[in-house]
Amino acid sequence: MPSNDARNLLQCAVPTAAAGAIVVAVSAAVAGGKGAIGAAVGTLLAILFMGIGLYVLQWTAKTLPQLFQAMGLMLYVAQLLLLLIFVALFKDTSLFNAKAFAISLVVATVVWMAAQARAHMKAKLFYIDPDSTKSEKTEKTGPSS
């Protein structure tokens, strides 16, 4: 993974993990051990889904830019379906508190999206290729002697 991609992933994952730790602590205080486990599972699931999604979208943007928008839509639908399957499998579980799980999942997702928006705004991305103007001038005027 190139350093820019890793930096982008870290700028999203670290605040999400910090928010998740706070939700785990609050859930442990309110709902006990099962609340803490539920909050931890929700936070880890959000980080996993969003991290894989970010990686796939960055890979798609670099290798198949013409499919970027379609891949983004397909990815988000796949994430929702996987989450639906996970919730359906564990709907009657006694392993963790379902409310703590749901709250942590929502909090982690919102924090991830906010951190991703902040990282994108702070990134210094070229929207104009600086070398293209130089090469166009060279082609029009010919090489200088």
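**Entry 1. Residues 96–115**

I began with residues 96–115, where the end C-alpha atoms lie 27 Å apart and the span is 90% helix and 0% strand. The model is predicted, and I read everything below with that in mind. I took the span from UniProt, where an unreviewed entry places the feature "transmembrane region" at residues 12–31, 37–57, 69–90 and 96–115.

I then looked up a second span from that record, residues 37–57. This part of the chain is 100% helix and 0% strand, with its end C-alpha atoms 30 Å apart.

**Entry 2. The chain as a whole**

I asked how many helices and strands the chain holds. I found four helices and zero strands. Read along the sequence, the pattern is α-α-α-α.

Next I looked up burial and surface. Of the 145 residues in the chain, 27% are buried. The accessible surface comes to about 10,100 Å², and carbon and sulfur atoms account for 71% of that.

I also checked how far along the sequence the contacts reach. Among contacts with a separation of 6 or more, 73% are between residues 24 or more positions apart.

**Entry 3. The second largest pocket**

I turned to the second largest pocket, which has a volume of about 370 Å³. Its lining has 18 residues, and Phe49, Met50, Tyr76, Gln79 and Thr109 lie nearest the centre. Helix H1 (3–63), helix H2 (68–89) and helix H3 (98–122) are the elements that give two or more residues to this lining.

Which helix gives the largest share of the lining? It is H3, with eight residues.

I sorted the lining by residue class and got 14 nonpolar, four polar and no charged residues.

**Entry 4. Thr16 and Thr60**

I picked two threonines in helix H1, Thr16 and Thr60.

Is Thr16 buried or exposed? Thr16 counts as buried because its relative accessibility is 0%, and the cut-off for buried is under 20%. Leaving aside neighbours within four places in sequence, I found Thr16 in contact with Thr43, Ile47, Ala108, Val111 and Trp112.

Thr60 also has a relative accessible area of 0%, so Thr60 is buried. With neighbours within four places in sequence left aside, Thr60 is in contact with Pro65, Leu67, Phe68 and Met71.

**Entry 5. Ala28 and Ala61**

I went on to two alanines of helix H1, Ala28 and Ala61.

Ala28 has 34% relative accessibility, so I logged Ala28 as partly exposed. I then looked across to Ala100, which is 72 residues from Ala28 along the chain. The C-alpha atoms of the two are separated by 9.1 Å.

Ala61 is partly exposed because its relative accessible area is 37%; the partly exposed class lies between the 20% and 50% cut-offs. From Ala61 I measured nothing by hand; the model puts Gly72, 11 residues away in sequence, at 9.9 Å in space, C-alpha to C-alpha.

**Entry 6. Val107 and Ala119**

I finished in helix H3, where I looked up Val107 and Ala119.

Val107 counts as partly exposed because its relative accessibility is 30%. Leaving aside neighbours within four places in sequence, Val107 is in contact with Ala19 and Val23. I also noted the pair Val107 and Gly42, 65 residues apart along the chain, with C-alpha atoms separated by 9.2 Å.

Is Ala119 buried or exposed? At 7% relative accessibility, Ala119 falls under the 20% cut-off and so counts as buried. With neighbours within four places in sequence left aside, I found Ala119 in contact with Asn8 and Gln11. The C-alpha atoms of Ala119 and Leu9 are separated by 9.2 Å, though the two residues are 110 residues apart along the chain.

**Entry 7. Recap**

For the file, I repeat a few items. The chain follows the pattern α-α-α-α. Thr16 is buried, as are Thr60 and Ala119. Ala28 is partly exposed, and I logged Ala61 and Val107 in that class too. The lining of the second largest pocket has no charged residues, and H3 gives eight residues to that lining.

Methods
Residues numbered from 1 in each chain as written. Predicted model: local features only at pLDDT ≥ 70, side-chain atom pairs only at ≥ 80, totals over all residues. Heavy atoms only, no water. 1 Å grid on protein atoms, 1.4 Å probe; cavity = no way out; pocket = protein on both sides within 12 Å on 5 of 7 lines; lining within 4 Å. Points joined across faces, edges and corners; volume = space filled by probe spheres on them. Nonpolar A, V, L, I, M, F, W, Y, C, P; charged D, E, K, R; others polar. UniProt positions renumbered as here; feature names shortened; annotations may be inferred. Buried < 20%, exposed > 50% of the residue type's maximum accessible area, 1.4 Å probe, protein only. Contact = heavy atoms within 4.5 Å. Areas by Shrake-Rupley, 256 points an atom, 1.4 Å probe, with all protein chains shown as cover.
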